[in-house]
Amino acid sequence: SERGTLLAIAQKESGRIESLVGDILCLAELEHTAASGLPNNLPPCDIGLIVNATVDRYQRKADHEGVLIRRAIQDGLIVHADREKIDAAVGNLISNALKYGNGGDIEITVRAVEGHVEIAVRDKGPGIPAEHLPRLFERFYRIDKARSRALGGTGLGLAIVKHTAILHGGKARCESTLGRGSTFTLEIPCASS
C-alpha cells in the first residue's frame, strides 16, 4: 500500500539521519578531545585484542554476504589508546570494505613497523582512481555519491578514521590499484616500554 511505502521510506530516512548525527557527534568529540590535550592520558592497550573484537562484531555480516575475513594479527602490541575510538575507526574500515569490496575477501593485518603499529584493512574491490586518493579522508567526500548514498554511507567514516589516528599521534592513509583493490591503514605509535 501507499501508506506502507511511505512508512518504509520514512524509516529508512530516519535511520540515515540517525547515522549522520552519530557520525557528526563522533567527529566533534574526536576534535574536542584532541584539542583539550587528553590523549596524554590514554591507557596502554593490546591493539590486537581490540581489533579482533571489532572483527568479531562484523563477522556475522561478512558471513551473510559470503565474504571471508582473513586476519594476520601480531600478538602483544601495546599502544596508548581509547578502545572505543579505535574500535569505531577499524569498524568504519571493515564496513567500507564490505560495502565497496565487491564481495571479495577482506584481509586485516596488525603489525609493528619501526616504532608504530599498522592496522591495515585490504579489500579486493574495483580500486580507487589516483585523483581521488588525496581527498578520501575529507568530510563528506564521496567518489560515487549515488552508490555511497544507496549503501547508507554518511560520508564521514574516513574522516573519523583520520581524526582517530591524529588523536593517537598517528596518521591514516590509503593505497589503491584500479582493478585490484584498496588498502586503508591506520598507524599508531607503539607505547614506549
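This note goes through a predicted model of one chain, point by point.

1. Overall make-up. The chain has 193 residues, and 44% of them are buried. Its secondary structure amounts to five helices and seven strands. From the start of the sequence to its end, these elements follow the pattern α-β-α-β-β-α-β-β-α-α-β-β.

2. Surface and contacts. About 10600 Å² of the chain is exposed, and 53% of that area comes from carbon and sulfur atoms. Among contacts with a separation of 6 or more, 71% link residues that are 24 or more positions apart.

3. The sheet. Five strands form an open sheet in the order β2-β4-β5-β7-β6, and the pairing is mixed. The edges are β2, residues 69–73, and β6, residues 171–177; each of these strands pairs on one side only. From one strand to the next, the twist averages 15°. A point to keep in mind when looking at the strands is that side chains in a regular strand alternate between the two faces of the sheet.

4. β4 and β5. These two strands run antiparallel and are joined by seven bridges. One of the facing pairs is Arg 111 with Glu 118, its bridge partner in β5. The two strands form a hairpin with two residues between them. As for burial, β5 is mostly covered, with six of its seven residues buried.

5. Glu 114. This residue sits in the loop between β4 and β5. What is the sign of its phi? The phi of Glu 114 is positive, about 45°, although the residue is not a glycine. For background, most residues other than glycine have a negative phi. Glu 114 is also exposed, because its relative accessible area of 79% is over the 50% cut-off. A student checking the backbone can find this residue in the hairpin turn of β4 and β5.

6. β5 and β7. Strand β5 covers residues 116–122 and strand β7 covers residues 181–189; they pair in the antiparallel sense over seven bridges. Which residue of β7 is the bridge partner of His 116? The partner is Pro 189. Next along β5, Val 117 stands opposite Ile 188. Further on, Val 121 stands opposite Phe 184 of β7. Strand β7 is mostly covered, with eight of its nine residues buried.

7. β6 and β7. This pair is antiparallel too, and seven bridges hold the pairing. Within the pair, Glu 175 is opposite Thr 183 of β7. The two strands make a hairpin with three residues between them, and Gly 179 in the turn has a positive phi of about 80°. Unlike Glu 114, which is not a glycine, the residue with positive phi in this turn is a glycine, Gly 179.

8. Helix α2 over the sheet. Helix α2 is made of residues 47–64. It lies across four strands, namely β2, β4, β5 and β7, where β4 is residues 106–113. Relative to β2, the helix runs at about 175°.

9. Helices α3 and α5. Two packed helices are described by the angle and the distance between their axes. Here α3 is residues 83–100 and α5 is residues 157–167; their axes come within 9 Å and cross at roughly 145°. The crossing is left-handed. On the α3 side, the contact is made by Lys 85, Ile 86, Ala 89, Asn 92, Leu 93 and Asn 96. On the α5 side, the residues are Gly 157, Leu 158, Ile 160, Val 161, Thr 164 and Leu 167.

10. Cysteines. How many disulfides does the structure hold? It holds zero. Two cysteines can be looked at for burial. Cys 45 has a relative accessible area of 3% and is buried. Cys 174 has 15% relative accessibility, so it also counts as buried, the cut-off being under 20%.

Notes: Residues numbered from 1 in each chain as written. Predicted model: local features only at pLDDT ≥ 70, side-chain atom pairs only at ≥ 80, totals over all residues. Heavy atoms only, no water. Pairing = 2+ DSSP bridges. Axes fitted to C-alpha atoms, helices over the stretch in contact; angles between N-to-C directions. Contact = heavy atoms within 4.5 Å. Disulfide = S-S within 2.5 Å. Buried < 20%, exposed > 50% of the residue type's maximum accessible area, 1.4 Å probe, protein only. Areas by Shrake-Rupley, 256 points an atom, 1.4 Å probe, with all protein chains shown as cover. Left-handed = near helix turned anticlockwise from the far one by under 90°.
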